[in-house]
Amino acid sequence: MKATLSALTLAALTLLAGATAPAFAAEPAAAAAADGDWRMVAHDYGNTRFSPLGEITPANLNKLSLAFTFSTGVLRGHEAAPVVADNTMFIVTPYPNLVYALDLTKPGAPQKWKYDPKPRASAQGVACCDVVNRGLVYADGKIFFNTLDMDTIALDAATGKELWRTRLGSIDKGETVTMAPIVVKGKVLVGNSGGELGVRGWLTALDANTGKIAWRAYSTGPDKEVLIGPSFKPFYAQDRGKDLGTRSWPGDSWKIGGGTVWGFLTYDPETDLVYYGTGNPGPWNPEQRPGDNKWTSGIFARKPDTGEAVWYYQWSPHDLHDYDGVNENVLAEMPIDGKQRKVILHPDRNGYLYVLDRASGQVLSASPYATITTSTRVDLQTGKLVYNPAKDPQAGKAVRDICPASSGAKDWQPSAWSPRTKLLYLPMQNICQDAETFETSYIAGTPYVGASIKQYAGPGGHRGEFAAWDPVARKKVWSIKENFPVWSGALATAGDVVFYGTMDGWFKGLDGKTGKLLWQYKVGSGIIGQPVSYRGPDGKQYVAVLSGIGGWAGTIVAGEIDPRDGTAATGMINLTRDLPKYTAKGGMLYVFALP
């Protein structure tokens, strides 16, 4: 789920599979690694959020100090990462999706240019989970970003001049875009949001030079629209067969079945595959959609040139609890059963940390990393999640102690992988819920959920956690308990330091090996953004993060929701009703460096 019911109330396309990629010179990942830039939200195609800069270490971290700040002038949830290229920092805000370019060569990083896309205000009324935007991407002298009202826009990075603008969908159907695009082989890849409004999910590729749509791959429907053809070879038997995207749904319900694509995308040049997760099926009431509900709450591997699917795996078949499968997929290499493997690391909302083979989608391990009551295990022979029937929703019956809650053991907030410590750093929550489902009707552009939820703190009483996970040993190495869900991204660096932010406004730096807190700084609003690190024009290493409370977890502040209704924001208000005592609205960039 990407939204809150209260937030919601607040607020035939020609498939050109097979089209050839136009000339497009730069690939951001390689450049970023070479010069200390941070050109895409995850730093690199592998989604590692690892900086190769090592000037800041556990030994000097306590000397980190504020270098400069910048107010975005926007008060909603800031979930984006700053992007740095050619001595310029680029920022995109939540709606109204302003883009700023800051000159890093001058004291205080003054504004070079500002671009206002002027999205339609009515988009706010269908946005799920606040009007967030998770970032932009720099490639080949251009900035690419999405607006809440479904436009993808290319700007000249030097001047801010609009180069092209392409509308991808309709807010009248409840569609929005909140994800950060990436650029692969001359194509800008963008997915849609709106799974709680009966939106049919898709991933679309646009020509980076012209904005022309190259291909679109739907997450539900017949094979020809999901771009499933002769190349599709899923590892597990249950994912094989013709038109499972329609046959695993009752009637035509796949047309309003969700599977939106609002998380982070990963690209592996070695396999030449793009990996991404698909969102929850709709509605939440599972009794209205018997079947596995392909291809929702799973992961696709596709060819970037044509969009053809190569394999698929479903984390949560017939998703019972809104366990969107969109969490990040991180590329790594590690020994598995005595053999070096190239793998995908995926901490899912359902509470298991999966290790998959990149080429085939085979599940090599699936280990619980949080409290789980909704399932008992993942069967490694069949790949199937084994549900606990005692926690299955039944219309008209209150089911209690559902763990993880619908917000998951970890939601969209991205982890970071260090190839030095061999640890995955996880921003997490510790949340369970009570749920009651009911039959609901589909009306385009309105909530299509069918569930009443109350979320609350899990075992131990803390609501958040930041943890280091060893995917080879399949265990937690260390963790820090937090009062609120850790809704920010993580950052790991070559200095073996890790950073994350808290919803009550602390930006923290830890020893990546031990988890010891070595430095923290109180900012003006809660942090739900993604920290980054870059080398400035003066050769120094900098760390930057956006503050600005909001998103699903911060809706009570950003959306000014009445705390007396615990079921508001699909039960998140029951969990965070005390948050306004700790923080307030305010979008601000904070940048830190050693003296």
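These notebook entries record what I looked up in a predicted model.

**Entry 1. The largest cavity**

I began with the enclosed spaces. The largest cavity has a volume of about 70 Å³. I then listed the residues around it. Trp284, Leu320, His321, Asp322, Pro393 and Ile402 are among the residues that line the largest cavity. The same lining also includes Ser406, Gln433, Ala435, Thr437, Ala451 and Ile453.

Which strands each supply at least two residues of this lining? I found strand S28, residues 431–437, and strand S29, residues 451–457. Strand S28 gives the most, with 3 residues. By class, I recorded 7 nonpolar, 4 polar and 1 charged residues in the lining of the largest cavity. Asp322 belongs to this lining, and it is the charged residue there because Asp counts as charged.

**Entry 2. The second largest cavity**

I turned next to the second largest cavity, which holds about 50 Å³ of space. Its lining is made up of Met40, Val41, Ala42, Asp44, Asn47, Ala180, Ile182, Phe264 and Leu265. I sorted these residues by class and obtained 7 nonpolar, 1 polar and 1 charged.

**Entry 3. The disulfide**

I looked for bonded cysteines. A disulfide is a covalent bond between the sulfur atoms of two cysteines. The count for this model comes to 1 disulfide. It is formed by Cys403 and Cys432, whose sulfur atoms lie 2.1 Å apart. The pair links distant parts of the chain, 29 residues apart: Cys403 sits in the loop between strand S25 (399–402) and strand S26 (416–418), and Cys432 sits in strand S28. I noted that strand S28 is also a contributor to the lining of the largest cavity.

For the geometry, I recorded 110 degrees about the S-S bond, and the link of Cys403 and Cys432 is right-handed. Are these two cysteines buried or exposed? Both Cys403 and Cys432 are buried.

I also checked two other cysteines. Cys128 has 6% relative accessibility and therefore counts as buried. Cys129 is buried as well, because its relative accessible area is 4%.

**Entry 4. Salt bridges**

How many salt bridges does the count give? I obtained 35 salt bridges. I examined several of them by residue.

Asp37 and Arg39 meet through their side chains in a salt bridge, at 2.9 Å from N to O. Asp37 counts as buried because its relative accessibility is 7%. Arg39, with a relative accessible area of 9%, is buried too.

Glu79 forms a salt bridge with Arg134, and the closest N and O atoms are 2.9 Å apart. This pair links distant parts of the chain, 55 residues apart. I located Glu79 in the loop between strand S2 (65–71) and strand S3 (83–85), and Arg134 in the loop between strand S6 (111–115) and strand S7 (137–139). Glu79 has 1% relative accessibility, so it counts as buried. Arg134 has 3%, so it also counts as buried.

For Asp243 and Lys242, the side chains meet in a salt bridge at 3.8 Å from N to O. Why does Asp243 count as buried? Its relative accessibility is 18%, and buried means under 20%. Lys242, by contrast, is exposed, because its relative accessible area is 59% and exposed means over 50%.

Finally, I looked for salt bridges with partners in common. Salt bridges that share partners join Arg120, Asp149, Asp151, Glu162, Arg165 and Arg167 into one network.

How values were computed
Residues are numbered from 1 along each chain as its sequence is written. This is a predicted model: local features need pLDDT of at least 70, side-chain atom pairs count only at pLDDT 80 or more; totals for chains, interfaces and linings use all residues. Side-chain values use heavy atoms; hydrogens and water are left out. On a 1 Å grid over the protein atoms alone, a cavity is a set of points where a 1.4 Å probe fits but cannot get out, and a pocket is an open set with protein on both sides within 12 Å along at least five of seven lines; lining residues have an atom within 4 Å of a point. Grid points are joined across faces, edges and corners, and a volume is the space filled by probe spheres set on the points. Helices (H or I, at least four residues) and strands (E, at least two) are DSSP runs, numbered from the N terminus. A disulfide is a pair of cysteine sulfur atoms within 2.5 Å. Buried means under 20% relative accessible area, exposed over 50%, partly exposed in between (1.4 Å probe, protein chains only). A salt bridge is a side-chain nitrogen of Lys or Arg within 4 Å of a carboxyl oxygen of Asp or Glu.
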